[in-house]
Amino acid sequence: MAKAGKRTDRATRLHRGFGLLAALGVILVLAGLVGLFYTAVATLTSMLLFGWLLLIGGIVGLLHSIQARGTSFFWLGVVVAALNIAAGVVVIRLPHAAAAALTMFAALLFLSAGLFRLVGSMVVRGPQFGWTLLLGAFDLLLGILVLGHWPSSSQYVIGAFFSLALLFDGLGLVATGYGGRRIVGLVSEQGPSGAIPPD
């Protein structure tokens, strides 16, 4: 009886944990959908968040470097931490300029990735030729569109990417939480003998 009670408590905790995971996923999905409707706000929010992460990470890295002074990596840690702090301050004070720079960088990445995929698919012609060619063309087109409307595209590109990341992460958490709750429920119904009790 004690083992059965412990098993039930463990199943209840797992069920609750997966439920919280699914609830967090729903929140991320809603945040992603809102961000897709208000991409300018999402861009500003993501840049400020990125800046604060750089700033806090730089301060933590600087404190860690001070604690590790006397080692061979002391000055390297100080320089990296100082760069992170400086970058964080710049991004926080000039989020729109930082978004424009990141958008330009993203557009160049899409262009280079698209060209490499297109050339690689034409040269190799492997079993994934059509899929690689399609991805390359999509990356190239996306890079051209973003770069052609730069810098005005910087108002929505970063926010759209950030919102899509939230949306897909949220959907993944919802699927994991829902699937986990179902598995825990099935295992609990089977009981210790492994057989599902009759109705």
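This section describes the helices, the buried residues and the nonpolar surface of a predicted model.

In the predicted model the protein contains 6 helices and 0 strands, and the order of elements along the sequence is α-α-α-α-α-α. Of the 199 residues in the protein, 25% are buried. The accessible surface amounts to about 13,300 Å², and 75% of this area belongs to carbon and sulfur atoms. When contacts between residues at least 6 apart in sequence are considered, 78% of them join residues at least 24 apart.

Helix α2 spans residues 39–67 and has 29 residues. From its first C-alpha to its last, helix α2 reaches 41 Å, which is close to the 42 Å expected at 1.5 Å a residue. The buried residues of this helix are Ala42, Thr43, Ser46, Met47, Gly51, Leu54, Leu55, Gly58 and Ser65; polar and nonpolar positions of this set are taken up in turn below.

The largest nonpolar core of the protein consists of 6 residues, namely Met47, Leu54, Val91, Ala98, Ala99 and Ile158. At least two residues of this core are supplied by α2, and at least two by α4, which covers 95–124. In soluble globular proteins, nonpolar side chains tend to be buried together. Within the core, methionine 47 is in contact with Val91, Ala98, Ala99 and Ile158, and its contacts also include Pro95 and Leu102, neighbours within four places in sequence being left aside.

Threonine 43, which is likewise placed in helix α2, counts as buried because its relative accessibility is 4%, below the 20% under which a residue is taken as buried. Apart from residues up to four places away in sequence, threonine 43 touches Ala99, Ser154, Gln155, Tyr156, Ile158 and Gly159. Two of the residues named here, Ala99 and Ile158, also appear among the contacts of methionine 47 and among the members of the largest nonpolar core.

Serine 65 is also located in helix α2 and, with a relative accessibility of 7%, counts as buried. Its contacts, with neighbours within four places in sequence left aside, are Phe74, Gly77 and Val78. For the last of these residues, valine 78, the C-alpha atom is separated from that of serine 65 by 6.0 Å, the two residues being 13 residues apart along the chain.

On the surface, Val26, Leu30, Leu33, Leu36, Phe161, Leu164, Phe168 and Leu171 make a nonpolar patch of about 680 Å². Helix α1, covering 2–37, and helix α6, covering 157–190, each supply at least two residues of the nonpolar patch. Leucine 171, one of the patch residues, is placed in helix α6 and counts as partly exposed because its relative accessibility is 43%, a value between the limits of 20% for buried and 50% for exposed residues.

Glycine 172 lies in helix α6 as well, and at 32% relative accessibility it counts as partly exposed. The C-alpha atom of glycine 172 is separated by 9.6 Å from that of valine 29, although the two residues are 143 residues apart along the chain.

Conventions:
Residues numbered from 1 in each chain as written. Predicted model: local features only at pLDDT ≥ 70, side-chain atom pairs only at ≥ 80, totals over all residues. Heavy atoms only, no water. Helix = DSSP H or I, 4+ residues; strand = E, 2+ residues; numbered from the N terminus. Expected span 1.5 Å × (residues − 1). Buried < 20%, exposed > 50% of the residue type's maximum accessible area, 1.4 Å probe, protein only. Core = buried A, V, L, I, M, F, W, Y, C linked by side-chain atoms within 4.5 Å. Contact = heavy atoms within 4.5 Å. Areas by Shrake-Rupley, 256 points an atom, 1.4 Å probe, with all protein chains shown as cover. Patch = residues over 30% accessible without salt bridge, like charges linked within 9 Å, V, L, I, M, F, W, Y side chains within 5 Å. Salt bridge = Lys/Arg side-chain N within 4 Å of Asp/Glu carboxyl O.
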